[in-house]
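Subject: The structure for you to look at

Hi,

Here is the structure I promised to send over. Have a look at it first, and then read on for what turned up.

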Amino acid sequence: MKKIILVSLSLITTVYSLWYASLGEFAGNSGALSKIGLEHPVLFIAWGMLTYTTLSFGIILGLKKAKDRLFIILLIIALIGMILTLCFDFDYDKHTQYIFHCIGSLTFSAVMGITVFLLFLINKSYYLTAASGIILITDLVLLIIFKETAIIELAPIFSGYIMLCIHSFRKENKYIEIK
């Protein structure tokens, strides 16, 4: 049942994210999710809550036997990052808010990406580990080259949904114990 919930959450969040991103430009800097949030703050908060919930649920489901405080700590840090992202405007004219927003966004993205990567690594899902590493590096390079766009921001998130669903349906999970 939990696997079906994960798939359903992933589909709902993907559809909502695509709809939300369509309020701006998918490929332009003006279409960055945070910039859309300046005009639609309630929709931005809904997007952030759905995104965090879906990724966190997939990670917690993927932990199964490998319950480790490290993952709980990482999810709390990612949540703090998402809260900063959602509570502070991405508006350079409000310099302090802009800084807190950027710190939150970077914290959420980096910590959540690392958490998904570590989940696959610890569970010896080496193909998923390699895929998530490649996606994270590629996304970083694309962000440096093209700056923020909805496509570049959503690609690793959507990949995370897909890989977490695949991981949850694996028949045999092997675990590396972390002490």
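Which residues does Leu18 touch, not counting residues up to four places away in sequence? They are Phe26 and Phe158, where touching, or contact, means heavy atoms within 4.5 Å.

Before the rest, some housekeeping. This is a predicted model, in which local features need pLDDT of at least 70 and side-chain atom pairs count only at pLDDT 80 or more, while totals for chains, interfaces and linings use all residues. Residues are numbered from 1 along each chain as its sequence is written, and side-chain values use heavy atoms, with hydrogens and water left out.

Back to Leu18, which sits in helix H1 (residues 2–21). Leu18 is partly exposed, at 39% relative accessible area; here buried means under 20%, exposed over 50%, and partly exposed in between (1.4 Å probe, protein chains only). Its C-alpha atom is 8.6 Å from that of Leu154, although 136 residues separate the two along the chain.

Now the overall picture. The protein has seven helices and zero strands, taking helices (H or I, at least four residues) and strands (E, at least two) as DSSP runs numbered from the N terminus. Of its 179 residues, 42% count as buried. Of the contacts between residues at least 6 apart in sequence, 73% join residues at least 24 apart. The protein exposes about 9,900 Å², and carbon and sulfur atoms supply 73% of that (Shrake-Rupley method, 1.4 Å probe; for residues, only the protein chains shown count as cover).

What about the inside? The largest nonpolar core has 35 residues, and Leu33, Trp47, Ile59, Met112 and Leu164 touch the most other members. Such a core is a set of buried Ala, Val, Leu, Ile, Met, Phe, Trp, Tyr and Cys residues joined through side-chain atoms within 4.5 Å. H1, H2, H3, H4, H5 and H7 each supply at least two residues of this core, and the largest share, eight residues, comes from H7. Leaving out residues up to four places away in sequence, Trp47 touches Tyr16, Ser17, Tyr20, Leu33, Met82, Leu154 and Ile157.

Two of the helices are worth a look on screen. The 19 residues of H4 (residues 69–87) should span 27 Å at 1.5 Å a residue, and the end C-alpha atoms are indeed 27 Å apart; the expected span is 1.5 Å times one less than the number of residues. Buried in H4 are Phe71, Leu74, Leu75, Ala78, Gly81, Met82, Thr85 and Leu86. They cover an arc of only 130 degrees around the axis, so they are on the same side of H4 (the arc is that of the directions from the helix axis to the C-beta atoms). These buried residues pack against helix H3 (41–63) and helix H5 (95–122). On the face turned away from the buried side are the exposed residues Arg69 and Cys87.

H5 has 28 residues, with an expected span of 40 Å, and its end C-alpha atoms are 40 Å apart, which agrees. Its buried residues, among them His101, Phe108 and Met112, pack against helix H2 (33–39), H3, H4, helix H6 (126–146) and helix H7 (150–168).

Last, a backbone oddity. Most residues other than glycine have a negative phi. Lys124 is not a glycine, yet has a positive phi of about 55 degrees. Lys124 is in the loop between H5 and H6 and is partly exposed, with a relative accessible area of 33%.

Cheers
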